[in-house]
Amino acid sequence: MRKLLAVCTACTAFFMAACGNSRSNSFVTGQYYYPTQEESESAAGNAETDCTESSSTQEETLGTDAFLITENNMQEECIILEQIASGKQYMYYYSVTTQFLDKYGNRAAVSEFEPGRVITVGKKDIEGRLMQAQLSDAVWEYPDVTRYSVDEERGVFVIADTNYSYDPDVFVHSDGSRLRLSDLTQLDTLRIVGVGKKILSISVTTGHGELQLTNTEIFEGSFIQIGNKIFSEITSNMKMELPEGIYTVAVANNGYGGSTEIQIKRGTETLLDLDTLKGEGPKVGNILFAVDVAGAILQIDGKTVDYSQEVPLQYGVHTLTVTADSYDTYSKKLFVNSEKATIVIGLSGEGSATTANTTSADDATTDANNSSTTDSATGAGNLAGSLAGGHSAGTANSGTATNATSEAELDAIVESLLEDEEDDSKTDYLSTLTELLESLTNSN
């Protein structure tokens with residue numbers, strides 16, 4: 001009786017420990033992991049039940065050898081699996097001799113066997129330790145899903161324009177934690193695994209966190225620039241949701257401003273005190289403007305400026321307007337937050353009027369390849385346009401302007417001239433602009 005009691009106690013301790021504690025030299029694997037009450041009697045009487053047992057509730061397209069990874073503890077070398085056909089959970093230990101294979105049968109790193117992926121279980125040693133596991137080729141994986149929506153009332157998950165079904169208890173996972181579908185946001189990037197039109201698991205590969213601004217008074221009404229694509233108008237002690245990652249953040253207003261680097265962590269709040277970026281002021285940035293049309297008139301805050309040389313502008317937001325005969329008016333908001341910058345402006349062909357956008361004068365020379373519209377944050381709206389060469393009314397219309405140049409051609413010319421300028425510090429901006437305009441004329 002004492003021996004029987006000792007055996008029962010040892011089994012109970014094993015299940016309670018799971019992957020969390022160090023294991024002894026002698027162990028048994030392939031057991032049910034946290035069996036349901038309905039299964040507990042049979043599990044107790046059959047402690048070494050094999051994971052490949054048959055099930056009457058198996059999926060139509062997946063056999064009993066398909067398992068969903070719910071946890072992989074690489075420190076303890078322990079993996080917990082859920083049999084897709086039955087929903088039963090199993091636990092296996094593995095070792096350095098275990099073969100981990102991709103779906104093509106090639107060797108793979110154990111780190112690739114992440115929660116949410118589907119595998120097949122191969123050989124076990126005499127102690128029940130896992131000797132081989134392979135990523136299943138019977139399922140599909142979408143590794144970087146950003147365009148999705150969920151209709152929980154109908155049980156429909158939409159990826160792009162395709163509807164998929166899912167079970168109410170579908171496996172949703174992020175950084176070691178189980179989530180609900182309602183925890184997902186459009187800022188998250190997902191890896192989705194499924195079979196046919198059914199989703200088996202959803203894993204957050206890039207999550208989101210919050211940025212909390214404090215001491216915003218001096219910058220309210222201006223903009224905050226986060227990375228190269230996110231602009232948002234600053235309001236009192238505002239809070240923003242952002243994808244996790246490392247960003248350079250810049251603020252500027254009324255001659256004050258600065259920049260710093262922040263890290264947004266998944267599921268956490270990052271505080272940023274704008275007083276630390278205020279600095280001494282008023283600060284002035286010296287901005288060079290290159291316009292691809294000779295004789296164009298450039299105005300800053302309604303005043304015509306001579307842009308054949310550097311234009312000193314106080315840190316903050318300014319209105320930038322460029323006009324020329326037979327060309328659309330170019331109008332944007334210019335965000336000055338650095339000591340020096342070059343802004344390249346490409347005018348479009350004849351067309352409709354423009355919508356005002358924001359252009360940033362950042363530390364680096366502006367590149368026409370960065371001409372994507374910036375993303376908004378927390379519903380602030382699209383406040384920023386292309387950093388350079390952005391056409392104010394779409395693509396240039398061929399034949400409507402004799403010396404209109406494409407963004408790519410303009411970018412190549414400007415970059416070449418700027419490189420030459422770096423090599424010869426005596427080259428003034430006026431001569432550089434003259435060369436630019438001559439090149440544009442000759443190319444047409």
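## Overview

Of the 444 residues in this protein, 45% count as buried. The model is a predicted one. The protein contains five helices and 29 strands. Its exposed surface amounts to about 22,500 Å², of which carbon and sulfur atoms supply 46%.

Contacts between residues far apart in sequence are a further feature to note. Among the contacts with a separation of 6 or more, 58% are made by residues 24 or more positions apart.

## Salt bridges around Lys239

Side chains of opposite charge can pair when their charged atoms come close. The structure holds twelve salt bridges. One of them is formed by Glu210 and Lys239, with the closest N and O atoms 3.8 Å apart. This pair links distant parts of the chain, since Glu210 belongs to strand E15 (residues 208–214) and Lys239 to strand E18 (residues 239–243), 29 residues apart. Glu210 has a relative accessibility of 25% and therefore counts as partly exposed. Lys239 is also partly exposed, because its relative accessible area is 40%.

Lys239 forms a salt bridge with Glu269 as well, and here the closest N and O atoms are 3.2 Å apart. Glu269 lies in strand E21 (residues 269–273) and Lys239 in strand E18, so this salt bridge ties together parts that are 30 residues apart in sequence. With a relative accessibility of 43%, Glu269 counts as partly exposed.

## A salt bridge between two loops

Another salt bridge brings together the side chains of Arg266 and Glu244, at 2.7 Å from N to O. Arg266 is located in the loop between strand E20 (256–264) and E21, and Glu244 in the loop between E18 and strand E19 (245–253), so the pair ties together parts that are 22 residues apart in sequence.

Are these two residues buried, exposed or partly exposed? Buried means under 20% relative accessible area. Arg266 stands at 21% relative accessibility and so counts as partly exposed. Glu244, with a relative accessible area of 24%, is likewise partly exposed.

## The network at Asp125

Asp125, Glu127 and Arg129 are joined into one network by salt bridges that share partners. Asp125 is placed in the loop between strand E6 (118–121) and strand E7 (132–135).

The side chain of Asp125 also approaches the backbone. A polar atom of this side chain lies 2.9 Å from the backbone nitrogen of Glu127. The Asp125 side chain reaches the backbone nitrogen of Arg129 as well, at 2.7 Å.

## An open sheet of four strands

Strands of a sheet pair through backbone hydrogen bonds, either parallel or antiparallel. One open sheet in this protein consists of four strands in the order E17-E16-E19-E20, and their pairing is antiparallel. Strand E17 (230–233) and E20 are the edge strands, each pairing on one side only. On average, neighbouring strands of this sheet are turned by 20° against each other, direction ignored.

Within this order, strand E16 (residues 223–226) and E19 run antiparallel and are joined by four bridges. Gln225 stands opposite Ala250, a residue of E19.

## The partners of strand E11

Which strands pair with E11, and in which sense, parallel or antiparallel? Strand E10 (residues 156–159) and strand E11 (residues 162–174) run antiparallel and are connected by four bridges. Val158 stands opposite Asn163 in E11. The hairpin of E10 and E11 has two residues between the strands, and Ala160 takes a positive phi near 55° there.

E11 is joined by five bridges to strand E14 (residues 198–206), and these two strands run parallel. His173 has Ser203 as its bridge partner in E14.

Strand E12 (residues 177–178) pairs with E11 in the antiparallel sense over two bridges. The bridge partner of His173 in E12 is Arg178. His173 thus has a bridge partner in E14 and another in E12. E11 and E12 also form a hairpin, with two residues between them, and Asp175 in the turn has a positive phi of about 50°.

Methods: Residues numbered from 1 in each chain as written. Predicted model: local features only at pLDDT ≥ 70, side-chain atom pairs only at ≥ 80, totals over all residues. Heavy atoms only, no water. Salt bridge = Lys/Arg side-chain N within 4 Å of Asp/Glu carboxyl O. Buried < 20%, exposed > 50% of the residue type's maximum accessible area, 1.4 Å probe, protein only. Polar contact = N/O pair within 3.5 Å; in protein donor to acceptor, adjacent residues only side chain to side chain. Pairing = 2+ DSSP bridges. Axes fitted to C-alpha atoms, helices over the stretch in contact; angles between N-to-C directions. Contact = heavy atoms within 4.5 Å. Areas by Shrake-Rupley, 256 points an atom, 1.4 Å probe, with all protein chains shown as cover.
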